[in-house]
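Here are some notes to read alongside the model. I have set them out as numbered points, so you can follow each one on the structure.

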Protein chains: 2
Amino acid sequence: MRTIVLSAEDIVKIVEHVGLDNLMDEVIQGLTNVCRDSESERYRVPIRDGFEYQSPTEGLLEWMPVMKNGGSATFKLVGYHPNNPRSLGLPTILSSAMVFDTETGHLMGLADATFPTAVRTGAASAVASQVLAVENAAILGLVGAGTQAVTQLHALSRVFAFDRVLVYDVDPEVSRSFQDRAASLNLGNIAINTASLKDVVSSADILCTATSVAIGGGPVFNDSGLKPWIHINAVGSDFPGKTELPRSVLERSMVCPDFMEQARKEGECQQITPELIGPSLVDLIKHSRDYADRRSKPTVFDSTGWALEDHVAMEILFRYAKELGQGSRITIESVSDDPRNPYGFISEVREKRKQKKSAATRKPELVSQ
Amino acid sequence: MRTIVLSAEDIVKIVEHVGLDNLMDEVIQGLTNVCRDSESERYRVPIRDGFEYQSPTEGLLEWMPVMKNGGSATFKLVGYHPNNPRSLGLPTILSSAMVFDTETGHLMGLADATFPTAVRTGAASAVASQVLAVENAAILGLVGAGTQAVTQLHALSRVFAFDRVLVYDVDPEVSRSFQDRAASLNLGNIAINTASLKDVVSSADILCTATSVAIGGGPVFNDSGLKPWIHINAVGSDFPGKTELPRSVLERSMVCPDFMEQARKEGECQQITPELIGPSLVDLIKHSRDYADRRSKPTVFDSTGWALEDHVAMEILFRYAKELGQGSRITIESVSDDPRNPYGFISEVREKRKQKKSAATRKPELVSQ
């Protein structure tokens, strides 16, 4: 029983084969399909849980399990360490995922989930924005210009024809470097400019907030000058007390959470009463025609990060890994020929090693004949 | 940033270097130390959770997180699929574990946890039995003769000088094969015999129950003929409604759970009122002298399986892996030099590949000079 272990280099080879744009398109399409075809009802997604701590550094380590009934189960572990970039040159979010066969409990695969998490977070905003934003949205505003801003732009540029992107970050260096980071995307003639927070907020047809705002530190902009048809993808709110949007914006918007239960605990939905929340992303996509009139009104996608999105992204990644023969096949589980002998694998592995050796020493004889 | 991936073969090499007996001794000692030195207070162990299902087969997939404050975090995923042995020749319990650095969220290691789970489950019974059983225990009784019975015998034989082991399983074939499976252990002159359930139960000084009894199917033996000083390690009860012991035995015994909260939900402790439960394993070991008089009376160790035991076992495994240089070092996380660029690793990996290639083509020139 082998486990497919994907290295970062394997992922690069998959991206080179598929293309970054196609991969993003596939995740957007995959997530749309799961929501639309009632596929989501086949999944079990418990609310995520985690360890939060202040020592050795401010951090959060969360587990996000998801299981497809009769299919596979994905366990994503995601670390959120906001000091990573400054102190260690590492991304704030580092993540890995295991995929299990639910028939046997066998570990089928292990892979990075840092890249898939960034991709699927972008994809989720694209899925929601396709229904909620004005179709001819021309200006994308980004508040917070870190990692997630890159994939927000990437995903949204796959489904909208923007003229301009306006970027603001509390750290001017991060604002400035955004253009370089966006350079690897095939954005054609979209102009990317830094701007004041006020200009970003008032110019945007679609606004994405993806900040590391502190708990209790929100909102990250004031409710002033927003376009009447503004659609906001609120990406940064993912912890009790951590919110990005002014409450007044939420109160006059249709607020669509990715995962209702979690959004009420960790998302923008913390700020409003239950009757102001909904539809969920699944209901929005399933009944998208019912929401056609919402494009001209303010809407919010409350994106806390949904394990089902991870499942979609990881499935696509492993499908390509299998197709392309990427990844190491490693026997990880210490399983014996006799399933009731916990130590049998020790002598079995030794025996196989011996046979291999004797086969290797026989070879030269054959050559010399 | 590399991740150490241990294969089954790497684990065999570690076992060959350390010795199976020494490894078991180290886990017993490690667990004892953690309990005794208040080390346990430095750990966070949420109650485990999981997916339970009847399709595609009867199964349970559980996650068992544990974190040492200021240290590492271990996430064990454990599958319980009772049809595995008969249908697929696989063990009922298959398990894998990831170890994370809590400073960054980096995945430090991945390894099988099937073998470590079996070892630590044995070790836990040894730790409890050393305090609760009669010191000159001569006869070990095993009810249920599957995988876990092997490690119960192994662990207990490291701390007791048994004369005889009596074995019973509902499946006579499993009873019969037990002797062969125990043959790989260094048991010296201990006689291992199959016996009737009644004889196993009435002869034992220490009794271990490790069955796959169905939910609601307990008890697995009747409360009749037990020795007055019986110590029972109840290993099989690990799910709501799944218990192995007669309630009357629990009611007249001191019942010591590995993890109080979990044992009341999933263990033998389900059957009794809270005031009859305790001390916990940690309190038992920390204040072992206070319980000296309990050796002559009936006692039960309610072993539901504790993530802290996993942490101890995985730490020992990875310590040896590092010492011996075992395991593959794989760059799994797709991390860019610029922590704010989610796609930067793609061009960086390409660049490194190019440099490698050009270095490889330069080599022959040097040789030909």
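In which sense do strand β9 and β10 of chain A pair, and over how many bridges? The first point takes this up; please keep in mind throughout that this is a predicted model.

1. Strand β9(A), residues 164-168, pairs with β10(A) in the parallel sense, over 4 bridges. If you would like a place to look, find Arg164(A), which stands opposite Ala191(A) in β10(A).

2. That pair belongs to an open sheet of 7 strands in chain A, with parallel pairing and the order β10-β9-β8-β11-β12-β14-β13. The edges are taken by β10(A), residues 191-194, and β13(A), residues 254-257; each has a single partner strand, so one side of each is left without a neighbour in the sheet. From one strand to the next, the twist averages 15 degrees.

3. Now for the helices on this sheet. Helix α4(A), residues 114-132, lies across β11, β12, β13 and β14 of chain A, and runs at about 160 degrees to β12(A). Helix α5(A), residues 147-159, also packs on the sheet, where it touches β8, β9, β10, β11 and β12 of chain A. The direction of α5(A) makes about 165 degrees with that of β8(A).

4. Another group of strands deserves your attention. Strand β4(A), residues 59-68, and β5(A) run antiparallel and are joined by 8 bridges; in this pair, Glu62(A) stands opposite Val78(A). The two strands form a hairpin with 3 residues between them, and Gly70(A) in the turn has a positive phi of about 75 degrees. On β5(A) there is also pairing with strand β6(A), residues 93-101, in the antiparallel sense over 9 bridges. There, Leu94(A) in β6(A) is the bridge partner of Gly79(A).

5. Is β5(A) enclosed or open to the outside? For this strand, residues 72-80, 9 of the 9 residues are buried, so β5(A) is largely enclosed by the rest of the structure. In a regular strand the side chains alternate between the two faces of the sheet. Here Ser72(A), Thr74(A), Lys76(A), Val78(A) and Tyr80(A) point one way, while Ala73(A), Phe75(A), Leu77(A) and Gly79(A) point the other way, and all are buried.

6. Helix α1(A), residues 8-18, has a number of buried residues, among them Ile11(A), Val12(A), Ile14(A), Val15(A) and Asp10(A). Just after this helix, Gly19(A) takes a positive phi of about 95 degrees.

7. Next, the two chains together. A turn of 180 degrees, with a shift of 0.0 Å along the axis, lays chain A on chain B with an RMSD of 0.0 Å. The two copies are thus related as by a two-fold rotation axis. Of the interface residues of chain A, 100% are also interface residues in chain B, so the copies meet through the same surface.

8. How much area do chain A and chain B bury between them? The value is about 7,400 Å², 71% of it on carbon and sulfur atoms. In chain A, Phe51(A), Arg340(A) and Tyr343(A) lose the most area to chain B, together 11% of what that side buries. The contact takes 85 residues from chain A and 85 residues from chain B.

9. Finally, the charged pairs. Across the interface of chain A and chain B there are 8 salt bridges. Arg350(B) forms a salt bridge with Glu16(A), with the closest N and O atoms 2.6 Å apart.

How values were computed: Residues are numbered from 1 along each chain as its sequence is written. Chains are lettered from A and ligands numbered from 1 in the order in which they are written. This is a predicted model: local features need pLDDT of at least 70, side-chain atom pairs count only at pLDDT 80 or more; totals for chains, interfaces and linings use all residues. Side-chain values use heavy atoms; hydrogens and water are left out. Two strands pair if DSSP finds at least two bridges between them. Axes are lines fitted to C-alpha atoms, for helices over the stretch in contact, and angles run from 0 to 180 degrees between N-to-C directions. Contact means heavy atoms within 4.5 Å. Buried means under 20% relative accessible area, exposed over 50%, partly exposed in between (1.4 Å probe, protein chains only). Copies are superposed by least squares on the C-alpha atoms of residues with pLDDT of at least 70 in both. Buried area is the accessible area (1.4 Å probe) that two parts lose on being put together, summed over both. A salt bridge is a side-chain nitrogen of Lys or Arg within 4 Å of a carboxyl oxygen of Asp or Glu.
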